[in-house]
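Hi there,

Here is the structure I promised to send over. Have a look at it first, and then read on for what turned up.

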Amino acid sequence: MMLSIVSPFILERTKPFNLNDLLARMTVALRRISNGQIEKGVFSVGSITIDFNDNKVLVSGIEVKLTPTEYDLLIYLMNNEGKLVTRQDLVQRLWGSKYSEQPGQIRVLINQLRNKIEPNPEKPRFILNEPGVGYKFLG
């Protein structure tokens, strides 16, 4: 039962792995269940498509490889399309409430994701920054 709700990317990781990272990801998966956000089928916003059946992310029809954390971040931002999401909220969603953000950690993760999904990462059109507050996804 638990294996069916944990992100498949967790299962693809090779050993050794960090136990705290695994527990944080399981907490996020369980939170999704309690919020009724189990992903099924295909979810699209703009030119970005997530195929949960095949665990693929497509940008303009081309498959893009994401890390497990980038994948979770993209799903969360897309689920909150048009809403401002604070950095603290992202930290809690990605790593759990017991995790404390290192300076710039979310910024680096956002930049990595932008480099993979944005047509021009220097002038993002999907993931916008609200300085000092957080980020907003526009489809």
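First, a term we will need: a salt bridge is a side-chain nitrogen of Lys or Arg within 4 Å of a carboxyl oxygen of Asp or Glu. For charges, Lys and Arg count as positive and Asp and Glu as negative, while His and the chain ends are not counted. Buried means under 20% relative accessible area, exposed over 50%, and partly exposed in between (1.4 Å probe, protein chains only).

Please keep in mind that this is a predicted model, in which local features need pLDDT of at least 70 and side-chain atom pairs count only at pLDDT 80 or more, whereas totals for chains, interfaces and linings use all residues. Residues are numbered from 1 along each chain as its sequence is written, and side-chain values use heavy atoms, with hydrogens and water left out.

**Arginine 114**

Arginine 114 sits in helix H6 (residues 105-117); helices (H or I, at least four residues) and strands (E, at least two) are DSSP runs numbered from the N terminus. Which side chain of opposite charge is nearest to arginine 114? That is glutamate 118, 4.7 Å away, and arginine 114 is buried yet has no salt bridge. Its side chain does reach the backbone oxygen of isoleucine 127, at 2.7 Å. Leaving aside residues up to four places away in sequence, arginine 114 touches Pro121, Pro124, Ile127, Leu128, Asn129 and Tyr135 (contact means heavy atoms within 4.5 Å).

**The sheet with E5, E6 and E7**

Two of those neighbours turn up again here: asparagine 129 has tyrosine 135 in E7 as its bridge partner. The sheet is open, with 3 strands in the order E5-E7-E6 and antiparallel pairing; two strands pair if DSSP finds at least two bridges between them. Strand E5 (84-86) and strand E6 (127-130) are the edge strands, each pairing on one side only. From one strand to the next, the twist averages 30 degrees. E6 and strand E7 (residues 134-137) are joined in the antiparallel sense over 4 bridges. H4 packs on this sheet, touching E5, E6 and E7, and its direction makes about 70 degrees with that of E7. Axes here are lines fitted to C-alpha atoms, for helices over the stretch in contact, and angles run from 0 to 180 degrees between N-to-C directions. Helix H5 (residues 87-95) lies across E5 and E7, at about 70 degrees to E5.

**The sheet with E1 to E4**

There is also an open sheet of 4 strands, ordered E1-E2-E3-E4 with antiparallel pairing. Strand E1 (42-45) and strand E4 (62-64) are at its edges with a single partner strand each, so one side of each has no neighbour in the sheet. The twist averages 25 degrees from one strand to the next. Strand E2 (residues 48-51) pairs with strand E3 (residues 56-59) in the antiparallel sense over 4 bridges, and lysine 56 in E3 is the bridge partner of aspartate 51. Helix H4 (residues 68-79) packs on this sheet too, touching E1, E2 and E3, with its direction at about 115 degrees to that of E2.

Along E2, Ile48 and Ile50 point one way and Thr49 and Asp51 the other way, and all are buried.

Best wishes

Methods:
A polar contact is a pair of N or O atoms within 3.5 Å; within protein, one must be able to donate a hydrogen and the other to accept it, and residues adjacent in sequence count only if both atoms are side-chain atoms.
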